[in-house]
Amino acid sequence: MTCTDRWTAVRDQMAVVQTKAATLNTKSTKAQIDAVKAAIAGEMTAQSAFETAGCVVKLPPVPTAGTLLQSAGLVYDGSFTVPSGFAYGGTAISLNPIRSSLFIVSGQLAAEITIPAIGDRATFLQPLANLAEGATVGASDERIGGTLVVDGELWFTKYVYYDGNGEQTLSHFRRPLDLSVTGQVKGPFRVGPLGAGFYSGYMAPVPAALQAALGGPVLTGNCCLNIISRTSFGPAAFAIDLAQWNAVPLVYYPGDHPSLGPWNGVSPFFGGSDRITGLVIPEGFASVLFIGRHGTTFCYGGPECNDPTDPYQGVHGYPYESSIWAYAASDLANVRAGTVAPWDVQPYTRWALPELNGSVVNGAAYDPATQRIYVVQHKGDGDNPRIHVWRI
């Protein structure tokens with residue numbers, strides 16, 4: 001049997017594992033669970049035969065930490081509001097697992113807030129402070145794309161709002177968690193060979209069970225920015241190797257491979273008005289979730305686009321659906337293994353979050369201790385944001 005034949009056997013067995021795992025839930029019978037265990041054993045046997053034969057590709061472990069999360073697996077708990085100071089903001093949200101709190105951004109400022117009971121208002125643990133302290137990627141109109149607590153530091157990204165020539169290459173920063181500490185901002189750093197429009201937004205921690213398969217403890221990405229040619233035509237994610245600050249591609253869609261759909265059209269997974277601002281990888285599942293807003297139509301213009309939420313010149317997709325794009329972690333692992341191109345991966349589903357009423361999504365965070373996902377609704381409380389909560 002040739003290496004090609006053996007690799008085909010491995011891929012076929014991967015598909016068996018993924019299909020059987022997707023049927024599991026808390027009510028699964030012993031027979032169903034045993035079938036998944038048998039499929040996993042078959043996958044391990046196929047990989048072993050592949051490597052024993054001296055074939056040159058060494059596969060990462062296939063994610064088998066759990067089943068694929070579906071919309072029925074999320075329960076809406078309600079929402080809470082934030083302190084004053086976040087009008088038209090409330091972006092780049094992230095969890096501080098040390099204090100079970102949230103970092104949240106307003107313009108170039110960031111604060112740490114409590115997570116209150118549903119229906120209450122959060123309070124400040126750290127007041128709004130200048131996050132970057134003047135550290136810049138060299139443009140006049142920079143936006144903070146994401147924040148994340150990593151190894152006792154606060155990481156954050158910046159993207160240029162209108163990078164007409166696609167010149168931005170630097171995107172990531174590090175600083176102390178204590179926002180009152182000054183003079184210790186490090187960066188900007190370049191994390192990969194592509195333009196920063198692919199990396200400079202949301203970030204998320206990777207559960208330990210998936211880190212070997214996906215290539216690192218942190219994922220970063222960006223999507224659908226102004227000047228679409230400099231960014232991804234759909235969800236993008238890259239694993240960061242902390243030792244080398246090297247971004248390993250897992251999924252992205254460049255202009256010459258718009259596999260989810262064209263910019264000047266609309267498909268179930270992408271349209272020119274789409275915006276993705278959050279990334280969540282839940283514990284105990286084999287899913288990677290991107291969170292944002294999807295347009296169900298396409299129009300470029302102003303009032304003639306009949307968009308009651310936005311009369312200004314630009315891309316419109318009214319009516320909108322605040323949404324989750326769900327990918328199988330095993331598909332992303334196959335990209336890392338080099339057996340699939342990053343633009344050939346497709347979501348296994350996208351579902352709407354009707355509680356947000358098609359609102360702009362400012363960001364998302366996840367708490368593995370409580371299995372809760374926090375999603376920021378733009379202007380959900382007058383001009384201020386509102387944070388909605390789903391429980392897995």
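This passage describes strand pairing, the largest pocket, the disulfides, one helix and several backbone features of a predicted model.

Strand β4, which spans residues 109-113, has four of its five residues buried, so this strand is largely enclosed by the rest of the structure. On one side of the pairing scheme, strand β3 (residues 101-106) runs antiparallel to β4 and is joined to it by five bridges, with Val 105 standing opposite Ala 110 of β4. The two strands β3 and β4 form a hairpin in which two residues lie between them, and Gly 107, in the turn, has a positive phi of about 65 degrees. Strand β4 is also joined to strand β5 (residues 124-130), again in the antiparallel sense, through four bridges. Ala 110 recurs in this second pairing, where it stands opposite Ala 129 of β5. Ahead of the hairpin, in the loop between β2 and β3, Ser 100 has a phi near 50 degrees, which is a positive value in a residue other than glycine. With a relative accessible area of 45%, Ser 100 is classed as partly exposed, because this class covers values between the limit of 20% for buried residues and that of 50% for exposed ones.

An open sheet of four strands is formed in the order β10-β11-β12-β13, and its pairing is antiparallel. Strands β10 (203-205) and β13 (246-251) stand at the edges of this sheet and each has a single partner strand, so that one side of each is left without a neighbour in the sheet. From one strand to the next, the twist averages 30 degrees. The pairing of strand β12 (residues 237-241) with β13 is made over five bridges, and within it Asp 241 has Asn 246 of β13 as its bridge partner. The loop between β11 (218-220) and β12 contains Ile 227, which has a positive phi of about 60 degrees although it is not a glycine. Ile 227 is partly exposed, its relative accessible area being 22%.

The largest pocket has a volume of about 1,500 Å³. Its lining comprises 48 residues, and those that lie nearest the centre of the pocket are Arg 143, Tyr 159, Tyr 161, Arg 275 and Val 360. The elements that contribute two or more residues to this lining are β2 (91-96), β3, β6 (142-150), β14 (275-280), β17 (314-316) and β20 (361-367). Strand β6 gives the most, with four residues. When the lining of the largest pocket is divided by class, 23 residues are nonpolar, 20 are polar and five are charged.

Two disulfides are found in a search of the whole structure. One of these joins Cys 223 to Cys 224, with an S to S distance of 1.7 Å, and both of these cysteines, Cys 223 and Cys 224, are buried. The other joins Cys 299 to Cys 305, with an S to S distance of 2.0 Å. The torsion about the S-S bond of Cys 299 and Cys 305 is about -75 degrees, and the disulfide is therefore left-handed. The two cysteines of this bond fall into separate accessibility classes: Cys 299 is partly exposed, with a relative accessible area of 23%, whereas Cys 305, at 12% relative accessibility, counts as buried.

Helix α4 (residues 329-337) has seven of its nine residues buried, so it is largely enclosed by the rest of the structure. The buried residues of α4 are Ala 329, Ser 330, Leu 332, Ala 333, Asn 334, Val 335 and Ala 337. The helix is followed by Gly 338, for which phi is positive, near 85 degrees.

Cis peptide bonds precede two prolines, Pro 188 and Pro 319. The bond that joins Gly 187 and Pro 188 has an omega of about 10 degrees, and Pro 188 is found in strand β9 (residues 186-189). For the cis bond from Tyr 318 to Pro 319, omega is near 0 degrees, and here the proline, Pro 319, lies in the loop between β17 and β18 (320-328).

Notes: Residues numbered from 1 in each chain as written. Predicted model: local features only at pLDDT ≥ 70, side-chain atom pairs only at ≥ 80, totals over all residues. Heavy atoms only, no water. Buried < 20%, exposed > 50% of the residue type's maximum accessible area, 1.4 Å probe, protein only. Pairing = 2+ DSSP bridges. Axes fitted to C-alpha atoms, helices over the stretch in contact; angles between N-to-C directions. 1 Å grid on protein atoms, 1.4 Å probe; cavity = no way out; pocket = protein on both sides within 12 Å on 5 of 7 lines; lining within 4 Å. Points joined across faces, edges and corners; volume = space filled by probe spheres on them. Nonpolar A, V, L, I, M, F, W, Y, C, P; charged D, E, K, R; others polar. Disulfide = S-S within 2.5 Å.
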